[in-house]
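These are my notebook entries from a session spent with one structure. I set down what I looked up, in the order in which I looked.

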Amino acid sequence: MAQLLKGAPVAAALSAELANRSDALKAQGVTPTLAILRVGERPDDISYETGAVKRCEKTGIAVKKVLLPAGSTSEELLKAVRQINGDPAVHGCLMLRPLPDADAEWAACCMLSPEKDVDGVTPSALGTVFTGRGAGYPPCTAQACMEILSYYGIPLDGKRAVVIGRSLVVGRPVSMLLQRRNATVTMCHSRTADLPAVCREADVLIAAAGQAGMVDASYVRSGQVVIDVGIHVNEAGKLCGDAAFDAVEPVVEAITPVPGGVGAVTTAVLAKHVVEAAERCL
């Protein structure tokens, strides 16, 4: 039976540390503050927003909601971003995506101040991920993968890591973060030849393909650690990941569950970035 790399203890440890750091900031007259920018009423956006607000409450972070109707123009969106940029009381901004207008979304990402980009959406923040220098922070989900590996003491130095997925949200940034920890990284995608064989070579496998149950027993071997980033609803109406858990868990050494794995850590990472942004303001 594989070790379950549960996200709850990771998030709890982060939250306890962040609450102390928030108290220290408040003692110096600074209340770490997150602005949440949401366009429309998408249920998944509202769900993530609710989780983020709860995490902020636990860690002493104030929240300012900036809510726009679904039919908002790009000018209205950019005006909201400019106001967030110009508000000295706001240290970080979470812009819930995807937005209805892809072009407006990109414009907003480019306009957001990198210093307040706590979810790695600006070009500058993504540049920081690749270079290790500059303002901004890695995307929260990518960083959550690293927090889990660190908390459970999974060694990465000199290890082989395989990442399935090349998105700017997880695949590419987590590949860079793994390299910073001295892992040798292979980034795979839908056109990778003999993908199962490549995945079996990994010591650490990050499944971020966005396809439910894609990673089955043919993708894994004994001794591996699997970080499952996927979140889907299966035919039975239950949450599941990119890995076929019942097939993969008996084979590997350790695996994150879905739900209760990476997703449980993401909002804690968001809070961490907000606190760090507030600390930088001092």
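Entry 1, helix packing. I looked up how H1 and H2 meet in this predicted model: their axes come within 8 Å and cross at roughly 55 degrees. An angle of that size falls outside the ranges for roughly parallel, roughly antiparallel and roughly perpendicular, so I recorded H1 and H2 as oblique to each other. On the H1 side the contact is made by Ala11, Ser15, Leu18, Ala19 and Ser22, and on the H2 side by Arg55, Lys58 and Thr59.

I then turned to H1 and helix H6, residues 140-151, whose axes come within 10 Å and cross at roughly 95 degrees. Because 65 to 115 degrees counts as roughly perpendicular, I entered H1 as roughly perpendicular to H6. Here Pro9, Val10, Ala13 and Leu14 of H1 meet Glu147, Ile148 and Tyr151 of H6.

Entry 2, a residue of H1. I asked whether Asn20 is buried or exposed. Asn20 lies in helix H1, which spans residues 7-27. Its relative accessible area is 53%, and since the cut-off for exposed is over 50%, I noted Asn20 as exposed. I also looked up the separation of Asn20 and Ile154: they are 134 residues apart in sequence and 26 Å apart in space, C-alpha to C-alpha.

Entry 3, the aromatic pair. My search for paired aromatic rings returned a count of 1. The ring centres of Tyr151 and Tyr152 are 5.0 Å apart and the planes stand at 80 degrees, so I recorded the pair as edge-to-face. Tyr151, which I had already listed among the H6 residues that meet H1, is partly exposed, with a relative accessible area of 43%.

Entry 4, the open sheet. In which order do the strands of the open sheet lie? I found 3 strands in the order E3-E2-E4, with parallel pairing. The edge strands are E3 (62-68) and E4 (92-95), each of which pairs on one side only. From one strand to the next the twist averages 20 degrees. Strand E2, residues 33-39, is joined to E4 by 4 bridges, and Leu34 has Gly92 of E4 as its bridge partner. Helix H2, residues 43-59, lies across E2, E3 and E4 and runs at about 170 degrees to E2.

Entry 5, strand E8. I next looked up the partners of E8. Strand E7, residues 204-207, pairs with E8 in the parallel sense over 4 bridges, and Ile206 stands opposite Ile227 in E8. Strand E11, residues 254-255, runs parallel to E8 and is joined to it by 2 bridges; Val226 stands opposite Ile255 in E11. I also checked which way the side chains of E8 point. Val225 and Ile227 point one way, Val226 and Asp228 the other, and all are buried. I noted beside this that side chains in a regular strand alternate between the two faces of the sheet.

Entry 6, the nonpolar core. Which residues have the most contacts inside the largest nonpolar core? The core has 51 residues, and I listed Leu34, Leu149, Leu178, Ile206 and Ile227 as those with the most contacts inside it. Its largest share, 10 residues, comes from helix H10, residues 262-281. I followed Ile206 further: leaving aside its neighbours within four places in sequence, Ile206 is in contact with Cys145, Val162, Val163, Ile164, Val174, Leu178, Ile227 and Val229.

Notes:
Residues numbered from 1 in each chain as written. Predicted model: local features only at pLDDT ≥ 70, side-chain atom pairs only at ≥ 80, totals over all residues. Heavy atoms only, no water. Core = buried A, V, L, I, M, F, W, Y, C linked by side-chain atoms within 4.5 Å. Buried < 20%, exposed > 50% of the residue type's maximum accessible area, 1.4 Å probe, protein only. Contact = heavy atoms within 4.5 Å. Pairing = 2+ DSSP bridges. Axes fitted to C-alpha atoms, helices over the stretch in contact; angles between N-to-C directions. Phe/Tyr/Trp six-rings, centres within 6.5 Å; stacked < 30°, edge-to-face > 60°. Parallel < 35°, antiparallel > 145°, perpendicular 65-115°, else oblique.
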